[in-house]
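Hi,

Here is the structure I promised to pass on. Have a look at it first, and then read on for what turned up when I went through it.

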Amino acid sequence: MLRYFIEQLSLHQQFYGIYYGSTKGEFFMVARSEDKVKGGLLTKTVRIKDSGRITKKAWITPKMEEFENVIDPLDRYDPRKRPWVH
C-alpha cells in the first residue's frame, strides 16, 4: 500500500499526503516531508500483530531510498478514533 501511495504522490504534486486506517486499528500514511531530507517523504505505519502493535516511521529520499527509520513503541495513534474511518 505504501508503494501505491508513494506512486500517487509522485504523479500528483498537488497532494500533500495519503493515508488509510482500518477498522482493525492499522494505519498507513505517506506524506511530503522536508524535515529530514529535502524533497523527501515520511511514511508511518501502525501494524497490529499477534505480538501487539508495531509503529514505524521512515523517511525516504527523493531517489526512493530509506534515509532513516524509527520504531516507536510509545506511539498510541489509533485511526479508529478519527471520524474519517467510519
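Let me start in the middle of things, with Ile 18. This residue has a relative accessible area of 18%, and anything under 20% counts as buried, so Ile 18 is buried. Before I go further, please keep in mind that this is a predicted model.

Ile 18 belongs to strand β1, and its opposite number in β2 is Val 30. Those two are 12 residues apart along the chain, yet their C-alpha atoms are separated by 5.6 Å. What else does Ile 18 touch, if you leave aside its neighbours within four places in sequence? The contacts are Phe 5, Gln 8, Leu 9, Phe 28, Met 29 and Val 30.

Gln 8 in that list deserves a click of its own. It is found in helix α1. Is Gln 8 buried or exposed? Its relative accessibility is 13%, so Gln 8 counts as buried. Not counting residues up to four places away in sequence, Gln 8 touches Phe 15 and Ile 18.

Leu 11 is found in helix α1 as well, but here the relative accessibility is 55%, and the cut-off for exposed is over 50%, so Leu 11 counts as exposed. If you want a long distance to try in your viewer, take the C-alpha atoms of Leu 11 and Arg 76: they are separated by 31 Å, with the two positions 65 residues apart along the chain.

Now the sheet. In what order do the 5 strands of the open sheet come? They run β1-β2-β3-β4-β5, and the pairing is antiparallel. The edges are β1 and β5 (66-71), each of which pairs on one side only. On average, and with direction ignored, neighbouring strands are turned by 15 degrees against each other. Helix α1 packs on this sheet, where it touches β1, β2, β3 and β4, and its direction makes about 30 degrees with that of β2.

Going through the pairs, β1 (residues 17-21) and β2 run antiparallel and are joined by 5 bridges. One of the partnerships to look for is Gly 17 with Ala 31 of β2. The two strands form a hairpin with 5 residues between them, and Gly 25 in the turn has a positive phi of about 105 degrees.

On to the next pair: β2 and β3 are antiparallel too, over 7 bridges. Ala 31 turns up again here, standing opposite Leu 42 in β3, while Arg 32 has Leu 41 of β3 as its bridge partner. This hairpin has 6 residues between the strands, and Gly 39 takes a positive phi near 75 degrees. As for cover, 6 of the 7 residues of β2 (residues 27-33) are buried, which leaves that strand mostly covered.

If you colour the strands by side chain, a general point may help: in a regular strand the side chains alternate between the two faces of the sheet.

Last, the pocket. How much space lies in the largest pocket? It is about 230 Å³. These residues line it: Leu 2, Arg 3, Ile 6, Thr 43, Thr 45, Arg 47, Lys 56, Lys 57, Ala 58, Ile 60, Met 64 and Glu 66. Sorted by class, that makes 5 nonpolar, 2 polar and 5 charged residues. Three elements, α1 (2-11), β3 (40-49) and β4 (52-60), each supply at least two residues of the lining, and the largest share, 4 residues, comes from β4.

Met 64 is a lining residue that I would look at separately. It lies in the loop between β4 and β5, and its phi is near 65 degrees, a positive value in a residue other than glycine. For background, most residues other than glycine have a negative phi. With a relative accessible area of 46%, Met 64 falls between the 20% and 50% cut-offs, so it is partly exposed.

That is what I have for now. Shout if anything is unclear when you open the file.

Cheers

Definitions and conventions: Residues numbered from 1 in each chain as written. Predicted model: local features only at pLDDT ≥ 70, side-chain atom pairs only at ≥ 80, totals over all residues. Heavy atoms only, no water. 1 Å grid on protein atoms, 1.4 Å probe; cavity = no way out; pocket = protein on both sides within 12 Å on 5 of 7 lines; lining within 4 Å. Points joined across faces, edges and corners; volume = space filled by probe spheres on them. Nonpolar A, V, L, I, M, F, W, Y, C, P; charged D, E, K, R; others polar. Buried < 20%, exposed > 50% of the residue type's maximum accessible area, 1.4 Å probe, protein only. Pairing = 2+ DSSP bridges. Axes fitted to C-alpha atoms, helices over the stretch in contact; angles between N-to-C directions. Contact = heavy atoms within 4.5 Å.
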